[in-house]
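Trainee: May we go through this model together? I should like to begin with one of the helices.

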Amino acid sequence: MKLSALTAYLESLAPLVYQEDYDNAGLIVGNPDQEISQALLSLDCTEAVVDEAIATGCQVIISHHPIVFRGLKKFNGKTYVERVVEKAIRKGIALYAIHTNLDNVMQGVNTRIADTLGLKNCRILAPKHNLLKKLITFVPQSHADEVRNALFAAGAGNIGNYSEVSFNAEGVGTFKGNEFTDPHVGEQGKRHRENEICIQTIYPANLESKIIMALILAHPYEEVAYDLVPLTNQHQQVGAGMIGELEVPTNQESFLFHVKDKMRTHVIRHTAFTHKPIKKVAVCGGAGGFLLKHAIAAGADIFITADYKYHEFFDAEGKIVIADIGHFESEQFTVQLLYEIIRKKFPIFAVRLTEVNTNPVKYFI
Ligand SMILES: [Zn+2]
């Protein structure tokens, strides 16, 4: 298939607009029209991973971390980033990253950590704002169902665990078409009154063009009246980190044994125990220190993340246990998640997990 078929699918699940400002997720190297038959999945895109792609006949590497974050000005092989990009271009291997956009969606990196730890009742720890909009449109009663159905099918009307959410009010619309019109109801040059339904529904802003297209195709009028309203509401399904609960509260020491085992980590760096049982658990794959305030505010007993620095550990202030399990360790199941996502949609497309351990951190125990 074409590379664009794979990337379009991944971006329907983890839209690029959901990535953080500093990120560089998306197609970094490669032509969207390139034919591909096999993809290699890896947390990081290192030279060894590019060599593995060449040796195994993969035309695309899908990694969680982008190989390029900042602008590259020279390509003379001085750094591993330059060497990876240069080799990928020379060998015709596409490089694609699905990073903070995958962190920030409900079925992403953090859900995989939460599931691994057996957390229930999970929700996004810091939902994002300004990603939702409201559509208000006016439809003749005869076509209200058809238009609602089209809007819902295009992705409108989802709030939390509810779908097909809309508000509908009856009223009378008026219009008068000029000599260039062919009105669906009424006559040219005469004011017409029509019983209409005002449909209001919410939608993710990134689906706007698809939703407007669906509205116009399903609506019977020549000119469709609609309002698009930006909202500052939280998007409950998009944002950083996750918080969930253990079915049975457990003491802190046994919980860390559980984390060590399930997350396959050699060592956990943590703050002093607060000697409260662990019930609520906040998690964030990778460097999640910026979420500590959210974890405390949400009443988490422990915050499992990575990349904590010495002074940042003091911020626990005896209110929570901070547990740093290692960056690679926290995100290591992401490749398995990507594997499952791709195989579910493209069952006969070949997907391979890297055999390279790309963790740059070694433990001397
Ligand atoms: Zn990471």
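Trainee: What covers the buried residues of H6?

Mentor: The cover includes strand S6 (132-140), S7, S8 and helix H7 (208-218). Helices (H or I, at least four residues) and strands (E, at least two) are DSSP runs, numbered from the N terminus. Contact means heavy atoms within 4.5 Å. Please note that this is a predicted model, in which local features need pLDDT of at least 70 and side-chain atom pairs count only at pLDDT 80 or more, whereas totals for chains, interfaces and linings use all residues. Residues are numbered from 1 along each chain as its sequence is written, and side-chain values use heavy atoms, with hydrogens and water left out.

Trainee: Which residues in H6 are buried?

Mentor: They are Ala 144, Val 147, Arg 148, Ala 150, Leu 151 and Phe 152. Buried means under 20% relative accessible area, exposed over 50%, and partly exposed in between (1.4 Å probe, protein chains only).

Trainee: And what is the phi of Gly 155, which follows H6?

Mentor: The phi of Gly 155 is positive, near 115°. Further on, in the loop between helix H6 (144-153) and strand S7 (167-175), Glu 164 has a phi near 55°, a positive value in a residue other than glycine. Most residues other than glycine have a negative phi. Glu 164 counts as exposed because its relative accessibility is 56%.

Trainee: Where does Ser 163 lie?

Mentor: Ser 163 is in the loop between H6 and S7. With a relative accessible area of 47%, Ser 163 is partly exposed. Apart from neighbours within four places in sequence, Ser 163 is in contact with Gly 157 and Asn 158. The C-alpha atoms of Ser 163 and Phe 152 are 7.9 Å apart, although the two residues are 11 apart in sequence.

Trainee: Where is Asp 307 found?

Mentor: Asp 307 is in the loop between strand S13 (302-306) and helix H10 (310-313). The phi of Asp 307 is near 65°, again a positive value in a residue other than glycine. Asp 307 is partly exposed, at a relative accessible area of 41%.

Trainee: Now the metal. Which atoms coordinate the zinc ion?

Mentor: They are His 65 (NE2), His 327 (NE2) and two entries for Glu 331 (OE), at 2.1 to 2.4 Å. Donors are N, O and S atoms within 2.8 Å of the metal (3.2 Å for Na, K and Ca); water is not among the atoms, so sites may look incomplete.

Trainee: Why is the arrangement irregular?

Mentor: The four donor atoms subtend angles of 57 to 131° around the zinc ion, which makes the arrangement irregular. Four donors count as tetrahedral if all angles lie between 85 and 135 degrees; four count as square planar and six as octahedral if opposite donors are over 155 degrees apart and all others between 65 and 115; anything else is irregular.

Trainee: What spacing do the donors follow along the chain?

Mentor: The spacing is H-x261-H-x3-E. His 327 and Glu 331 both belong to helix H11 and are four residues apart, about one turn of the helix. An α-helix has 3.6 residues a turn, so residues three or four places apart point the same way.

Trainee: Is Glu 331 buried or exposed?

Mentor: Glu 331 counts as buried, at 2% relative accessibility. His 327, at 25%, counts as partly exposed.

Trainee: How many of the nine residues of helix H5 are buried?

Mentor: Seven of the nine residues of H5 (residues 109-117) are buried, so the helix is largely enclosed by the rest of the structure. Among the buried residues are Asn 110, Thr 111, Arg 112 and Ile 113. Just after H5, Gly 118 has a positive phi of about 75°.

Trainee: Before we stop, which helix holds Thr 100?

Mentor: Thr 100 is in helix H4 (residues 100-103). Thr 100 is buried, with a relative accessible area of 3%.

Trainee: Which residues does Thr 100 touch?

Mentor: Not counting residues up to four places away in sequence, Thr 100 touches Tyr 18, Gln 19, Glu 20, Tyr 22 and Asp 23.
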